[in-house]
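Trainee: Could we go through the charged pairs in this one together? I'd like to see how you reason about them.

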Amino acid sequence: MRLGFNHSYAQELPGFHAPATPAHAPAPKLLFWNLELSEQLELPLRETPPIELAQIFSGNSLPDDANPIAQVYAGHQFGHFSPQLGDGRALLLGEKRTLDGQLYDLAFKGSGRTAFSRSGDGKAAVGPMLREVLIGEFLHAMGIPTTRALAVVATGENIWREGPLPGAVLTRVASSHLRVGTFEFFALRGQQEKVKTLALYAIKRHAPQLEGIENPFLAFLRLVAQRQAALIAQWLCVGFVHGVMNTDNMALSGESIDFGPCAFLEGYDPGAVFSSIDHGGRYAYGNQASMARWNLARLCETLLPLLSPDPELAVELANEVLEEFGTAHDEFLLQGMQAKLGLVPHKSTDSSDAELVNDWLLLLQTQAIDWTSAFRFLGKASQGDASHLRTLFKDIRPLEEWLNRWHSRCAQDDCDRPHQEALDRRARRMQRANPVVIPRNHRVEEALTAATLGDLTPFNTLLAALRNPFAIPHGDEHLTDPAPAEFSAGYRTFCGT
């Protein structure tokens with residue numbers, strides 16, 4: 001069987017990877033198949049039975065045109081530099097170009113040891129791989145750039161972490177797996193020609209419109225920064241906490257990648273940390289923009305010789321990009337929050353809107369109000385029913401004061417429309433910006449625990465709801481409920497390695 005693979009990374013970047021072979025799965029079983037994504041990729045697999053899909057996407061029966069490789073990269077992990085990381089439990093099967101010209105990587109995760117595995121076994125467990133499905137499909141449904149899962153196959157063997165867990169292989173689809181850490185690997189070694197080759201490949205793949213222009217490397221750096229500014233703003237708007245924003249987990253495509261210890265806000269807290277290994281709160285919810293900027297600074301360092309032959313000018317240009325990132329992120333975040341509050345952006349009101357947003361967030365933080373419920377019920381308040389919103393607050397006096405200001409601001413958008421038409425329009429804006437269903441941490445854990453024990457029903461139920469996040473799931477309304485306080489108080493997530 002052939003899937004129509006290309007191999008531009010393997011062919012155009014010699015020395016950037018090593019050959020890899022997936023480990024044999026003794027009893028593969030298909031747990032998840034993304035038919036919609038398969039159709040988007042134009043894979044010739046519509047009629048392929050699950051038993052055969054399990055063989056293909058466990059690695060037991062690779063497509064004839066696959067060329068599995070493990071990519072090499074370095075990375076700053078929690079601020080400390082690791083000079084060699086690489087795909088220690090992943091491999092790139094190949095790239096698929098669709099009719100619209102887009103090129104996508106298809107890669108295994110959890111398929112066994114590679115040349116870059118160090119002391120790890122290179123394998124993965126069912127729970128973490130199914131977590132990748134839930135988070136990726138939710139972000140995709142929200143319009144947030146993300147890698148996605150094509151398949152998850154149980155391998156039929158146990159792997160060992162703190163105890164035995166059923167093993168699994170994920171097939172991940174990404175616009176590419178180019179990372180900040182990929183550039184760091186070669187820059188550290190002084191291999192500037194390879195850095196340039198990599199940069200030219202990245203431009204060709206992710207910004208072909210920049211080829212041939214004056215200083216394409218600076219333009220590409222700006223584009224990467226803009227994409228990250230928009231991405232982090234979108235994360236913040238849905239209460240997403242990535243948990244491990246190391247430079248090897250920042251994709252140059254601007255896609256969300258690697259959903260190991262990620263989680264979602266319950267009660268609003270800028271200092272929210274869920275990752276069991278983030279002891280200092282480096283990657284807390286409210287730090288994510290500054291950490292993205294920090295990562296971009298590391299990318300800038302690798303590209304300085306390409307930005308200008310004048311070292312001082314190169315640093316100046318890089319610093320301009322970093323300043324532009326901060327400005328762009330603030331603008332993207334304000335626009336996202338304006339949408340969540342049902343406000344129409346106007347240059348004349350942006351400053352006062354920013355103050356209104358900040359006061360709303362302070363209100364949520366002071367009383368530890370559930371992030372998702374607050375915006376959901378604010379939508380009802382926009383139509384005149386604030387009763388649900390009031391139930392979230394122990395002290396409603398500051399809420400009422402803020403609501404009065406919000407209604408006054410909303411009225412500025414309504415002056416040219418009949419009252420009911422204005423209310424309906426605002427409600428639609430808020431409904432499009434505020435999900436009803438998110439991957440509630442306790443529901444994700446329930447689904448993954450059941451799946452680990454062999455019951456996929458909770459997983460499939462939650463997945464269906466997350467793929468339609470703006471609608472209350474009929475018969476499964478409990479999926480919208482916040483977690484019990486005792487669950488959230490001690491909740492921690494783990495990398496799964």
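Mentor: Sure, one term to start: buried means under 20% relative accessible area, exposed over 50%, and partly exposed in between, using a 1.4 Å probe and protein chains only. This is a predicted model, where local features need pLDDT of at least 70, side-chain atom pairs count only at pLDDT 80 or more, and totals for chains, interfaces and linings use all residues. Residues are numbered from 1 along each chain as its sequence is written, and side-chain values use heavy atoms, with hydrogens and water left out.

Trainee: How many salt bridges does the count come to?

Mentor: Side chains of opposite charge can pair when their charged atoms come close. The rule here wants a side-chain nitrogen of Lys or Arg within 4 Å of a carboxyl oxygen of Asp or Glu. Go by that, and the salt bridges come to 25.

Trainee: Which residue forms a salt bridge with R222?

Mentor: Helices here are DSSP runs of H or I, at least four residues, numbered from the N terminus. R222 lies in helix α7 and its partner in helix α9 (residues 311-340), so the pair ties together parts that are 98 residues apart in sequence. The closest N and O atoms are 3.5 Å apart, and the partner is E320.

Trainee: Is E320 buried, exposed or partly exposed?

Mentor: R222 has a relative accessible area of 27%, so R222 is partly exposed. For E320 the relative accessible area is 32%, which means E320 is partly exposed.

Terms used:
Helix = DSSP H or I, 4+ residues; strand = E, 2+ residues; numbered from the N terminus.
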